[in-house]
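Student: I am new to this structure and would like a close look at a single part of it. Please take the main core and the helix that goes with it, and then place them in the rest of the protein.

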Amino acid sequence: MMNRVTEAIILAVGLVVMGWSIKCGIDNFANKDRKVTVKGLAEREVPADKVTWSISTTEMGNDLPALYQRISQQAEKIKAFLVQNGLDENEITINPPSVNDLEANTWSENRKSYRYTAHTTVTVYTKKVEQVNKAIYRQGDLLEQGVAIESGYPNYELASFLELKPVMMDEAIKAAQKTAEQFAEASNSSLGGITNAGQGQFEIEDRDQNTPYIKKIRVVTTLTYALD
């Protein structure tokens, strides 16, 4: 009799354990695909901290030595103009002049009143973005000095991007997590760990065509969380 009672108890315990194991298995099977994929966005507008600006000038004439002297004087006037606007001499480069002989080609029919054209470019490479912007608006000062210039569009850069990158990634991840938490709360679930993560590419572009010295940085990260 005692053996039968013991067997019955063992059988009952076994059934309970088996039922619990089945329940856990069913729960795990039901929850294994409970996931949510969210995106996190981080955006910033940052002023450029480096700029390259080129100013070119051209002279024409028939006396080559005199032409070379004039083009050199024009380049020095451009350099002085830049220094007057707050730029350092070591940030300014005067490229050697290039000379074009319009009669060098035997097949050329030069009908101009001059034979030579000389061209040179003065380039600024600096972190003084504000000073360059001011100089751009004062280019008329060079025209008043008799310097005919061809000013190219400045190239603005964001040298501090590498410092901003981890900060903005952290902002994007936190934004994604906040969205995932809201989704979990709405679905009566608790947010689990990250099961998959994808880092989007950073995009850097001008804020608009009128303010190329203001850069807009954007990154989107994609995260997948488990839901319990």
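Tutor: The model is a predicted one. Its largest nonpolar core has 18 residues, and Ile78 and Leu82 have the most contacts inside it. Two or more residues come from each of β2, α2, β5 and α3. The greatest contribution is that of α2, which gives four residues to this core.

Helix α2 is therefore the part to look at closely, since it gives the most to this core. The helix covers residues 64-84, which is 21 residues. From its first C-alpha to its last, α2 reaches 30 Å, close to the 30 Å expected at 1.5 Å a residue. Its buried residues are Leu67, Ile71, Gln74, Ala75, Ile78, Phe81 and Leu82. These lie on the same side of α2, because they cover an arc of only 115 degrees around the axis. The general rule behind such a pattern is that an α-helix has 3.6 residues a turn, so residues three or four places apart point the same way. On the face of α2 turned away from its buried side are the exposed residues Pro65 and Gln84.

Next comes what lies over the buried side. The elements covering the buried residues of α2 include the strands β2 (50-61), β3 (92-94), β5 (116-126) and β6 (149-151), along with the helices α3 (129-137) and α4 (140-144). Ile78 can serve as an example from this side. Not counting residues up to four places away in sequence, Ile78 touches Ile55, Thr57, Val122, Leu142, Val147 and Ile149. Apart from the core just described lies another, of eleven residues, and among them are Leu164, Met169, Phe202 and Val219. Just after α2 ends, Gly86 takes a positive phi of about 95 degrees.

A second helix, α5, can be read in the same manner. Helix α5 (residues 161-186) has 26 residues and reaches 37 Å from its first C-alpha to its last, close to the 38 Å expected at 1.5 Å a residue. Buried in α5 are Phe161, Leu164, Met168, Met169, Ala172, Ala176, Ala180 and Ala184. They pack against the strands β1 (35-47), β8 (191-199), β9 (203-206) and β10 (214-227). After α5 comes Asn188, whose phi is positive, near 55 degrees.

Ala42, in strand β1, gives a view of this packing from the strand. Ala42 counts as buried because its relative accessible area is 3%, and buried means under 20%. Leaving aside neighbours within four places in sequence, Ala42 is in contact with Met168, Glu171, Ala172, Ile217, Arg218 and Val219. Ala42 and Val219 are 177 residues apart in sequence, yet 5.5 Å apart in space, C-alpha to C-alpha.

Some figures for the whole protein complete the picture. There are five helices and ten strands. Of the 228 residues, 30% are buried. Among contacts between residues at least 6 apart in sequence, 77% join residues at least 24 apart. The largest pocket holds about 270 Å³ of space. Its lining is made up of 14 residues, and Ile136, Tyr153, Pro154, Tyr156 and Pro212 lie nearest its centre. Helix α3 supplies the largest share of that lining, three residues; α3 is also one of the elements that give two or more residues to the largest core.

How values were computed. Residues are numbered from 1 along each chain as its sequence is written. This is a predicted model: local features need pLDDT of at least 70, side-chain atom pairs count only at pLDDT 80 or more; totals for chains, interfaces and linings use all residues. Side-chain values use heavy atoms; hydrogens and water are left out. The expected span of a helix is 1.5 Å times one less than its number of residues. Buried means under 20% relative accessible area, exposed over 50%, partly exposed in between (1.4 Å probe, protein chains only). Contact means heavy atoms within 4.5 Å. The arc is that of the directions from the helix axis to the C-beta atoms. A nonpolar core is a set of buried Ala, Val, Leu, Ile, Met, Phe, Trp, Tyr and Cys residues joined through side-chain atoms within 4.5 Å. On a 1 Å grid over the protein atoms alone, a cavity is a set of points where a 1.4 Å probe fits but cannot get out, and a pocket is an open set with protein on both sides within 12 Å along at least five of seven lines; lining residues have an atom within 4 Å of a point. Grid points are joined across faces, edges and corners, and a volume is the space filled by probe spheres set on the points.
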